[in-house]
Amino acid sequence: MKKIIFTTLLSLVLVKVLAQGPPITADKPIMLGGNSFTTKTLTEIRNNDRGTAVYVPLMLHYLPTSNSLVALHIPYLSYDLDGAGSGSTLADIKVQGKYQFFRKDGTGRTWRMVAKTIQTLPTGKELDLLELSTGEYQGYYGIVSGLETLKYGISTEIGYNWAPDGNQDELRAKFGVGLPLLKPQYPNKQVNLYFEYTSSWLTDRDWYQLLYAQGIQYALKTVTFDLAVQLPLIKDIPENRALNYSVFLGTRYTF
């Protein structure tokens with residue numbers, strides 16, 4: 001009986017400890033707690049030679065089960081861009097779905113994989129801001145995998161974004177590493193560093209960028225706060241469209 005009680009308590013502690021917030025610019029397949037809600041936002045301040053855009057999404061996530069997720073992202077956009085003027089508007093609304101099809105747990109570690117789709121609705125202006133406001137329907141389909149332990153987390157993603165009526169088709173790959181700076185503790189309290197890479201090839205335009213993001217995250221129980229700066233490493237793209245930098249500021253709350 002003592003062994004059963006100890007094992008149960010240990011499992012609960014590991015679940016809470018491993019329930020660190022997701023990567024900041026990447027994603028991870030860890031889904032905890034069926035029939036739970038998460039509200040989150042991840043503001044992006046994006047700058048290139050065209051100007052600056054500030055993207056503020058309200059993201060509502062619901063887990064019907066411990067291995068499935070549906071989400072609605074309602075974004076607000078403020079912009080000042082050459083050729084488009086300045087203003088504030090609703091950007092492209094996104095509907096997201098995830099299904100976890102693989103899970104293998106061990107002592108203090110878990111490895112999981114999910115199928116992921118994002119359906120982008122053409123509610124935004126035609127500003128040609130990739131992933132933010134294009135005014136075109138798009139469908140993204142990908143696979144996210146992740147290994148998380150008490151000492152580190154690794155996440156990968158590969159997928160394809162399809163835009164049937166435009167030239168937004170994109171082959172996308174992401175890789176991220178998260179390192180907790182504090183010892184595991186319960187209730188959950190973590191400071192995590194993230195090192196994240198995004199590879200983006202727009203196949204129709206033959207544009208390519210490799211981006212690097214350095215981020216830090218503070219997680220306390222069911223709340224997280226995020227900060228990251230993203231910079232380009234490779235820019236095989238017209239200079240007036242290449243990213244100069246993006247700053248990400250985010251928070252989330254699960255209940």
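Read along the sequence, this chain goes α-β-β-β-β-β-β-β-β-β-β-β-β-β. That is one helix and 13 strands, with the helix coming at the start of the pattern. The radius of gyration is 19 Å, close to the 18 Å that the globule rule gives for 255 residues, so the chain is as compact as a globular protein of that length. Please keep in mind that this is a predicted model.

Next, the overall dimensions. The C-alpha trace spans about 70 × 30 × 30 Å along its principal axes. Of the 255 residues, 47% count as buried. The accessible surface of the chain comes to about 12,500 Å². Carbon and sulfur atoms hold 64% of that surface.

Now the contacts. Take those in the chain with a separation of 6 or more: what share comes from residues 24 or more positions apart? The figure is 54%.

On to the interior spaces. The structure holds two cavities of 30 Å³ or more. I will cover the second largest, which has a volume of about 40 Å³. Which strands each supply at least two residues of its lining? They are β1, residues 36-48, and β2, residues 51-65. Going through the lining by name, we have Arg-46, Asn-47 and Asn-48, then Arg-50, Gly-51, Thr-52 and Ala-53, and further along the sequence Leu-81 and Leu-129. By type, this lining divides into three nonpolar, four polar and two charged residues. The two arginines, Arg-46 and Arg-50, are in that lining, and arginine is counted as charged.

Last, two residues whose backbone angles deserve a look. Glu-131 is not a glycine, yet has a positive phi of about 70°. Where does Glu-131 lie? Its place is the loop between β6, residues 109-120, and β7, residues 138-149. With a relative accessibility of 34%, Glu-131 counts as partly exposed, because that class lies between the cut-offs of 20% and 50%.

The other one is Asp-206. Phi here is near 55°, again a positive value in a residue other than glycine. Asp-206 is in a loop too, the one between β10, residues 189-202, and β11, residues 207-220. Is Asp-206 buried or exposed? At 54% relative accessibility, Asp-206 counts as exposed, since the cut-off for that class is over 50%.

To recap: the chain has one helix and 13 strands, there are two cavities of 30 Å³ or more, and positive phi values occur at Glu-131 and at Asp-206.

How values were computed. Residues numbered from 1 in each chain as written. Predicted model: local features only at pLDDT ≥ 70, side-chain atom pairs only at ≥ 80, totals over all residues. Heavy atoms only, no water. 1 Å grid on protein atoms, 1.4 Å probe; cavity = no way out; pocket = protein on both sides within 12 Å on 5 of 7 lines; lining within 4 Å. Points joined across faces, edges and corners; volume = space filled by probe spheres on them. Helix = DSSP H or I, 4+ residues; strand = E, 2+ residues; numbered from the N terminus. Rg over C-alpha atoms; globule rule 2.2 N^0.38 Å. Buried < 20%, exposed > 50% of the residue type's maximum accessible area, 1.4 Å probe, protein only. Contact = heavy atoms within 4.5 Å. Areas by Shrake-Rupley, 256 points an atom, 1.4 Å probe, with all protein chains shown as cover.
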